[in-house]
Amino acid sequence: MTDTAVGIDAIEIHAGKLKLDLPETFAPAMGDDPGKYTEGLGLYASSLPDTYEDIVTMGANAAHRLMERKGLEPAHVGRIDVATESAFDHSKPVSTYIAGCLEQVFDGDFHHANKGERKFACVAGTQSIDDAYNWIRAGRHRGRAALVVATDTALYARDDPGEATQGAGAVAMLIDEDPDLVELSTEQGYGSADETDFLKPQQQFPSVDGKRSMAVYLARMREALVDYESVGGNIHPEDFRLGPFHTPFPGMVRKAGVLAYRHITRDTDIEAELADGIGRQPRPEAFDDDGAYMDALGEYTDALKETDRYREWYDDTIDPTLDLSREVGNWYTGSVHVARVSGLAALAEAGEAAAGERLLVGSYGSGAQAEIHVETVQDGWLEEIDALNVGYQLASRYDLSFPEYEDVHDAHNFDEETGVEEFTAPDGEFVFDGWGRMGERKYRYVE
Ligand code: CAA
């Protein structure tokens, strides 16, 4: 058992190399007002995978960059966990494919690393970090670090309402002792229930009850927050510099933000200060029935959303975590980790001294489970954030026309046979290289 700080030592992002412009390209083709995307959902573009990209190439490319930048060799890594809800193999975990890729470019191998694959929709990335944390704290790691890769091609069936929120990309994270980026709290809160809102029973694209999935997101997040407070103590808005939350689309987090704020300001100086303008929060004991209480709560929340106090908190704490998501869409398991990077990158850009600041991190997976924990920003955070090249990647994406988008969607559809050519030229990265004799996907590093 070790008492040393454990957390995220390094992080790298690989975005799909194609871009679908939502207001300019997708909205007109769907006959929608662009405002539905930019204002309603809060999205401007989706990152999509080129024809030679998939969950393995994106994950391996992010991990490769991370290992090179940190000067790591395979022997330094004792564990590789991949979180994904886009797996193409029901038996052989994606981590073995990624390890195979990395062994093409590094000396040595990962033969003594424990590899696995985590599944619980989008919360699996955070669960993999959890597994790594527990492995290190238990002292079973032999001084080695864990590589966690959250990688997804978040594609929906054509014409599904979820098509607007698509995305593809991978986040690789190194979990280690004495981390450079953030330390993880031991305290966690969970909100978990058997829900049927988003699932993929033996199918590539999800069955989604979109509106219900939003209600379930809010309910489970609230449950997790209450559970966190039962071990970590009551949360006050000023305790946290940023609140990175799972971001299926920024509009979802906008809805969660005001509910979270209402909860964490209850019985605080902030509720008292706001009382002159909007009254105090309704209490259930003051109402004869649940319906009247819920109506009063809804009215209070609408008024709260319009207060300067709330807007300032939202603009400082939540909005910066959404910048990347607006440009890439949903990356499922990677999404909350993109939100963390986005928020920290905004602090770096503003020249803020963030070491020692705390983050309230809310992860969520459909089906459904939310998890809340706290992270403390470490001294090496700025170097880690400055080393990212995600801005360059996003600016270099190939901008698809609508017919090209249709081709790309078909190219990634397991049920379609297509001969769609790639749109970009691979450069210093892993690519999908066809099929092996047992139906396995094969990969090659292109110099
Ligand atoms: N100008 C401004 N806003 C507009 C607008 C316009 N012209 N037109 C519409 N809007 C607003 C709508 O009012 C709505 O906002 P509110 O919810 O605040 O009212 C927003 O834009 C979206 O419009 P619709 O509700 O009409 O959109 P939709 O019904 O076509 O689909 C969706 C929305 C249900 C979220 C759909 O995209 C979907 O199914 N997505 C996949 C499921 C999902 O992401 N769920 C989130 C929770 S589950 C989760 O988090 C796990 C995960 O990653 C999947």
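At 26% relative accessibility, Arg 158 counts as partly exposed, a label that depends on fixed cut-offs: buried means under 20% relative accessible area, exposed means over 50%, and partly exposed lies in between, with a 1.4 Å probe and protein chains only. The model is a predicted one, in which local features need pLDDT of at least 70 and side-chain atom pairs count only at pLDDT 80 or more, while totals for chains, interfaces and linings use all residues. Residues are numbered from 1 along each chain as its sequence is written, and side-chain values use heavy atoms, with hydrogens and water left out.

The side chain of Arg 158 meets that of Glu 163 in a salt bridge, at 2.7 Å from N to O, where a salt bridge is defined as a side-chain nitrogen of Lys or Arg within 4 Å of a carboxyl oxygen of Asp or Glu. Side chains of opposite charge can pair when their charged atoms come close. While Arg 158 is partly exposed, its partner Glu 163 is buried, with a relative accessible area of 0%.

The pair formed by Arg 280 and Glu 271 can be read in the same manner, for their side chains meet in a salt bridge of 3.5 Å, N to O. Here Arg 280 counts as partly exposed at 48% relative accessibility, and Glu 271 is buried, with a relative accessible area of 0%.

In the pair of Glu 223 and Arg 220, whose side chains meet in a salt bridge at 3.1 Å from N to O, both residues belong to helix α6 (residues 210–232) and lie three residues apart, about one turn of the helix. Helices and strands are taken from DSSP runs and numbered from the N terminus, a helix being H or I over at least four residues and a strand E over at least two. Within this pair, Glu 223 counts as partly exposed at 33% relative accessibility, whereas Arg 220 is buried with a relative accessible area of 10%.

Salt bridges also join into a network, in which Asp 9, Glu 12, Arg 65, Arg 69, Lys 70, Asp 180 and Glu 384 are linked. By the rule given above, the count of salt bridges comes to 28.

Other charged residues gather in surface patches, which are made of residues with over 30% relative accessible area and no salt bridge, like charges being joined within 9 Å and nonpolar side chains (Val, Leu, Ile, Met, Phe, Trp, Tyr) within 5 Å. The accessible areas come from the Shrake-Rupley method with a 1.4 Å probe, and for residues only the protein chains shown count as cover. For the charges, Lys and Arg count as positive and Asp and Glu as negative, while His and the chain ends are not counted; the place of a charge is taken as NZ of Lys, CZ of Arg, CG of Asp or CD of Glu.

One patch of negative charge on the surface brings together Asp 288, Asp 289, Asp 290, Asp 295 and Glu 299. Asp 288 sits in the loop between α8 (269–278) and α9 (290–305), and Asp 288 is exposed, with a relative accessible area of 85%. A positive surface patch is formed by Lys 36, Lys 211, Arg 254 and Lys 255; of these residues, Lys 36 lies in helix α2 (residues 34–41) and counts as partly exposed at 46% relative accessibility.

Turning to buried positions, Ile 8 lies in strand β1 (residues 6–15) and has a relative accessible area of 0%. Ile 8 and Met 173 are 165 residues apart in sequence, yet their C-alpha atoms are 6.5 Å apart in space. Cys 101 is buried with a relative accessible area of 1%, and Cys 122 is buried with 7%. A search of the whole structure finds zero disulfides, a disulfide being a pair of cysteine sulfur atoms within 2.5 Å.

Some details of the backbone remain. Most residues other than glycine have a negative phi, and most peptide bonds are trans. Ala 121, which is not a glycine, has a positive phi of about 40°; it lies in the loop between β5 (114–118) and α5 (124–137) and counts as buried at 11% relative accessibility. Asp 267 likewise has a positive phi, near 60°, and lies in the loop between α7 (250–265) and α8, but Asp 267 counts as exposed at 61% relative accessibility. Finally, the peptide bond from Gly 367 to Ala 368 is cis, with omega near 5°, and Ala 368 is found in the loop between β11 (358–365) and β12 (369–377).
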